[in-house]
Structure formats: structure tokens, C-alpha cells
Amino acid sequence: PSGVGGKIRFAVFASYSAVGWLVLSLVGAVVGDPVYVYLQSTHSHAVVALSLLVYLLFYAMVGYATLSALRRMVFFEDETDGDFEKKMAHVRSLDPQWDEDVATCERIMRKGSKSFFIATLLLPSWMAGPSLALYSFCRKADDDVDEGDIAGAAGRLAKLHTRLNDAYAGRPRNNPVDRSFSAVVLAFDVPRELPLAMLDGFRWDIQQVEYRTYSDVVAYSSRVAAAVEGMMT
């Protein structure tokens, strides 16, 4: 929907602006406010009166440039990288409907996990598809356990274990999320222990385990957030 797209564009612009503000604040602490100095030295007072708008646009540009530079430094691999090309060829052989399935995963994430969807916009194009496939499975798995009555949660979790086993056996359920997830974990050799740890975290949720110590929180986090992060790497 156009409303959702507008919100996402606004969130991306706000993120760029926030990063730009941080960078320029650090610069300003050393050499003074670069935007104000520029305006005072080159423009009339009428333009200076519009400096708030100029600041916002300049923050967004600096933020975009900063994040783009960081992306190039961190994700230095090129889309033509031979190893990646082989893996993606394997992905497409495992999931002949890859493009359509990833488009479905993107729609799921755009609606159900806007923060992650926005984050994928900062990823290189070659990384976005596999990332969407992985995380959409995690998103749907979490929803499947949470939605419905507590009494049936254990049964829904058991079905997730079966789906996971089928995905790793190369026999995914016939839906876009499971097909694309199976292709990615097999082609990129994602250890089975990682999604299993995530499902173990779901089990703790169902059992309403209490976390009384910092170590308990770390143990839980390693089964949910950290497990997903591990799959992404």
C-alpha cells in the first residue's frame, strides 16, 4: 500500500538524517558547525533563515554518504564474486521460483517487520534476497507459535520442527517462505543448530521460563536474537 511505502521512505530518510546529525556533531565538536559556517560565508540572510531545512537535507546527504561508505567497506564482496555466484546458482536450482518467492518474503517483511525491511535496504543487492528468505522464515515461525491458544502452542512448535527438518532435507513445504529458506540454508551451509536454537527459545516462551539473572537473559538471547544473527552471517 502507498501509505506503508510512504512510512518506509520517511523512516529511511529519518535514519539517514540521524546518522548525518551524529557525524556532523562529531565534526562540529572539533572544527565548529560546518553547515552554519558554509551558509554564513556564501549566502544571504534570507537563505540563512531557511537553514533548518538546509540542515535536514544536509544531514540526510551526509548520513547516506556515511552509510554507503560503511557498506562498501564492510560488504566489500562484489556481486560478480565467483563463490557467491555459484551459491546463488545452487539456490536457484533448489528453488526454481526463487525470484517470485523472495518477492513474497519481501512483502511479508515489509508488513510484519518494518525495522528489518528497512535494514535490508542498506544491504548490497546480492545479500538482500538471501537475508529476506532467512528472516521471513524466522518471522513466520515466531508468528506461528504466538498466534493461537497457549494449549496448542506445543503442537505448533512440533510442526515447526518438522518443517525445519524437511527444509534441511531438501523437501520444503510448498510455500514461498519454506522453499526460499530451504534453498538458502542448503546453498550457504547454514548450520542446523542455529534455527534449532531459535526454536528452543520459542519453547522457553511457551513454558514461560523466568529469567532471574543476567546469565539467564544471555542464555535466552543466544537462542533467539543471537541465533538469527548467526544465520545472517
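These exercises work through salt bridges in a predicted model.

Local features need pLDDT of at least 70 and side-chain atom pairs count only at pLDDT 80 or more, while totals for chains, interfaces and linings use all residues. Residues are numbered from 1 along each chain as its sequence is written, and side-chain values use heavy atoms, with hydrogens and water left out.

**Exercise 1.** State how many salt bridges the structure holds, and name a network.

Solution. Start with the criterion: a side-chain nitrogen of Lys or Arg within 4 Å of a carboxyl oxygen of Asp or Glu. The structure holds 14 such salt bridges. D95, D101 and R179 are joined in a network of them.

**Exercise 2.** Place the E106–R110 pair in the fold and classify its exposure.

Solution. The closest N and O atoms of E106 and R110 are 3.3 Å apart. Both residues sit in helix α6 (residues 98–112), four residues apart, about one turn. Helices are DSSP runs (H or I, at least four residues), numbered from the N terminus. Next, apply the accessibility classes: buried is under 20% relative accessible area, exposed over 50%, partly exposed in between (1.4 Å probe, protein chains only). E106, at 28%, is partly exposed. R110 is also partly exposed, at 28%.

**Exercise 3.** Analyse the R163–D178 pair.

Solution. The N to O distance in this salt bridge is 2.6 Å. The pair links distant parts of the chain, 15 residues apart: R163 lies in helix α9 (residues 153–168), D178 in helix α10 (residues 176–187). R163 is buried at 12%. D178 is buried at 1%.

**Exercise 4.** Classify both partners of the R171–D166 salt bridge.

Solution. Their closest N and O atoms are 3.9 Å apart. R171 is exposed, at 55%. D166 is buried, at 16%.

Terms used. Helices (H or I, at least four residues) and strands (E, at least two) are DSSP runs, numbered from the N terminus.
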